[in-house]
Amino acid sequence: MEEKKEYYADVIVDISHEKLDRPFQYRVPDRLRDRLETGACVTVPFGNGNKLLKAYVVGIGQVCKYDPAKMKEIRGIVQGGTGAEDKMIALAAWIRKNYGSTMIQALKVVLPARRSVKRLEHRTLQRALGREEIVSLLGESRRKKQVAKERLLRELVEQESIPYEWVTGKLGVSAQTVKSLERAGAVRVISTETFRNPVSLAATREQKKLLSDAQRRIVEEVMGDFESGRPDTYLLHGITGSGKTEVYMQLVSEMVERGRQAIVLIPEIALTYQTLLRFYNRFGDRVSILNSNLSPGEKYDQCERARNGEIDVIIGPRSALFVPFRNIGLIIMDEEHEGSYKSEASPKYHARETAIQVARLHGASVLLGSATPSLESYYRAETGEYKLFTLKERLTGGQLPKVHTIDLRRELKEGNRSIFSRKLQELLADRLSKQEQSILFLNRRGYAGFVSCRSCGHVMKCPHCDVSLSEHSGGRGGQGTLMCHYCGYQEPKPKVCPKCGSPYISGFKAGTQQIEEKLKEMFPGVRTLRMDGDTTRTKDSYERILSAFMGGEADVLIGTQMIVKGHDFPRVTLVGVLAADLSLSVGDYRAGEKTFQLLTQAVGRAGRGELAGEAVIQTYQPDHYAVIHAAAQNYGGFYKEEIIYREMMGYPPAAHMLAVQIFARVQDRGQALADSLASVTRRNFDNPPGPDAEGSPPGACGERQGLQIVGPAPASIGRINDIFRFVFYVKCAKYDKLVQIKDLLEEEMQKRQSADELVQFDFNPMNTM
């Protein structure tokens, strides 16, 4: 007779409290075995009194961690658990399963505001006696020469209530004096909780704009599907300036009218200001933001306002997905192609797939929008998984900018050693004379890329990471500072080479600050603003720079990627891309896609108003298909070339890829662990190699059953902050197979239980390690 199998569930009890508790284990009764799943809300007996509490299942297995004789049983599954909290726990379970992490890590992602913060209280001092009685107490205070009490009573004769801050501030009355009047029954202190509001805009009420026929058809189809109970995922491919935001706002308006909430995701905090301004002008204080620039108190309060139904729309980067709305109707993901939608910390979830899962939990629609859609989204639209909409004309009726592609090799041969090509110099002078605005874009931050000795070639490197140090101005005595962009290590820039003593120490590759200096040399009196990682470190710095440029306080805005993503400046008629192909040199299978998207988005910033625009792309690779199609604003042409490459090489979206990332304090142990995990994967998921595999290098690559294993090898940066890094990749057409591999390797790591070794999983990585 086959022995009966027992199943046990790990649950987290009473998760609504301030801190995340540790998991507890319960036996799964036979009657619930087929119905119970990770993320389910259940009731369990808890404590000595066996009080029934609500709990959430975070794992199910056959291993009993405690004495089976003392194990309590789950009592039941909570039916109809539709609260925001229940859905977030289910979402955490989904993230844990599909991206790999501990359940606690996943819970901390979906419940970001669960920290103890000081609540804001608004206190008012109210008169508790009649006016005549207060006058009597006033006379008594005068006789006793109680000066502070006399001041307060005099005010209370005239006013029934006074703000508490005014009492202790303006009147200078101590809390002890107030308490004495409370004890006497003369006054009472009324406390009401208030929420911080990070939005401080002067609303200019915006009327609904008349949509074009193409825009209206999109809104009608999305809402038609929603009303029919068939909410879907949609991809809106609209050229730059085609009015995607108007479609977003109309859809949000439709959802709000139906009592549903909307989440608007943006890839960069820098985009918050303009996006928020447009939505705030339409929806007023029913709109708020959630991003990393907010204080813990502000984040907590926005979540509470959402939970209490005080706001309808939240705007922010990927973390805004987890705001505790109770009845989400729409999730919009603007600039959906951006890599920042992928988390770089464990769990390494992607906001696109996670938004679709949130929508499933709420019965909501998802709209992805971009002028340069990610290959993943366009591929799914082509195969019918998403519905595709297109907007092919600019809303203003204007034309796309005229683009000049400049071969920097020819510029150098013809004697131009400047950062600026002759064509860009000519167009900059023209715009300055016409008092029109320009944007200069460089895909770098800081003053220079790396610093080396011109005599011996020695490169200044970080002592803790296998990377060069970058130069930043502003050190002591104007000397400059060398900084590691990975661990934060800093040291003063040396005056002589530490290896050979030569004084010829300098940086290579121009940065935004150097471009600003050269521009001012070329055009004295030019007004500039610089927007990069160094000028946007303080709170509200994005808004300050963008609003200043929008207000005409500068002729030229110079910056890195953050200035070319979604911004709308009507007076900008020229965009200069100074190093178009820097991103092509990165060892990453997405390099062509990222370059095309970046150039297309940059060019699209010009000519968005009534004036025609021009763009200059400066490149050493003018014949690269990414550069050619970006200059022509031809997404379809780029997609056709790029997808062939992805299909040939088995890269996403043609297949799926799992990066297994190994971190260790000791190099040899890290290498051994990487080899061991790769061997476990081959042993469990590969067939034995056939004759054709003889002679192939061991551990290089196995390709059987549609599975391909590449590596392991040291990461491209083999050491960061004294931690050694290794990686191997697994490619497969089936995502579920990669999830099984992740589960197997997690079990292997549980057996090791080493504090000095760590493994992380990255599904369809945005960047190679």
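Phe728 is part of strand β30, which spans residues 723-732. In this predicted model, Phe728 has a relative accessible area of 0% and is therefore buried, the limit for that term being under 20%. Its C-alpha atom lies 6.9 Å from that of Gln661, although 67 residues separate Phe728 and Gln661 in sequence.

**Nonpolar cores**

The largest nonpolar core comprises 138 residues, and Phe279 and Ile331 have the most contacts inside it. The element that gives the most to this core is helix α1 (residues 84-99), with 8 residues. Apart from this core lies another one, of 17 residues, including Leu428, Leu519, Val556 and Leu574.

Ile331 deserves a closer description. When residues up to four places away in sequence are not counted, Ile331 touches Ile263, Leu265, Leu321, Ala355, Val358, Ala359, Ser365, Val366 and Leu367. One of these, Ser365, belongs to strand β14 (residues 365-370). Ser365 has a relative accessibility of 0% and so counts as buried. Beyond its neighbours within four places in sequence, Ser365 is in contact with Gly329, Leu330 and Ile331, and also with Val222, Phe226, Pro231, Asp232, Tyr234 and Met255.

**An open parallel sheet**

Six strands form an open sheet with parallel pairing, in the order β16-β26-β25-β17-β24-β23. Its edges are β16 (402-407) and β23 (528-531); each has a single partner strand, so one side of each is left without a neighbour in the sheet. From one strand to the next, the twist averages 15 degrees.

Within this sheet, strand β17 (residues 437-441) pairs with strand β24 (residues 556-559) in the parallel sense, over 4 bridges. Ser438 has Val556 of β24 as its bridge partner. Val556 is also among the residues of the 17-residue core.

**Salt bridges**

The whole structure contains 41 salt bridges. Three of them are listed below with the distance between their closest N and O atoms.

| Basic residue | Acidic residue | Closest N and O atoms |
|---|---|---|
| Lys65 | Asp10 | 3.0 Å |
| Arg127 | Glu160 | 3.9 Å |
| Lys342 | Asp762 | 2.6 Å |

The salt bridge between Lys65 and Asp10 links distant parts of the chain, 55 residues apart: Lys65 is in the loop between β4 (51-61) and β5 (76-77), whereas Asp10 is in strand β1 (residues 8-13). Lys65 is exposed, at 51% relative accessibility, while Asp10 is buried, at 16%.

In the salt bridge of Arg127 with Glu160, Arg127 belongs to strand β6 (residues 120-127) and Glu160 to the loop between α4 (147-158) and β7 (161-163), so the pair ties together parts that are 33 residues apart in sequence. Here Arg127 counts as buried, with a relative accessibility of 16%, and Glu160 counts as exposed, with 58%.

Lys342 and Asp762 form a salt bridge that also links distant parts of the chain, 420 residues apart. Lys342 is in the loop between β13 (328-334) and α11 (351-362), and Asp762 is in strand β31 (residues 757-763). Both Lys342 and Asp762 are buried.

Finally, a network of salt bridges links Glu376, Arg590, Glu593, Glu642 and Arg646.

How values were computed. Residues numbered from 1 in each chain as written. Predicted model: local features only at pLDDT ≥ 70, side-chain atom pairs only at ≥ 80, totals over all residues. Heavy atoms only, no water. Core = buried A, V, L, I, M, F, W, Y, C linked by side-chain atoms within 4.5 Å. Buried < 20%, exposed > 50% of the residue type's maximum accessible area, 1.4 Å probe, protein only. Helix = DSSP H or I, 4+ residues; strand = E, 2+ residues; numbered from the N terminus. Contact = heavy atoms within 4.5 Å. Pairing = 2+ DSSP bridges. Axes fitted to C-alpha atoms, helices over the stretch in contact; angles between N-to-C directions. Salt bridge = Lys/Arg side-chain N within 4 Å of Asp/Glu carboxyl O.
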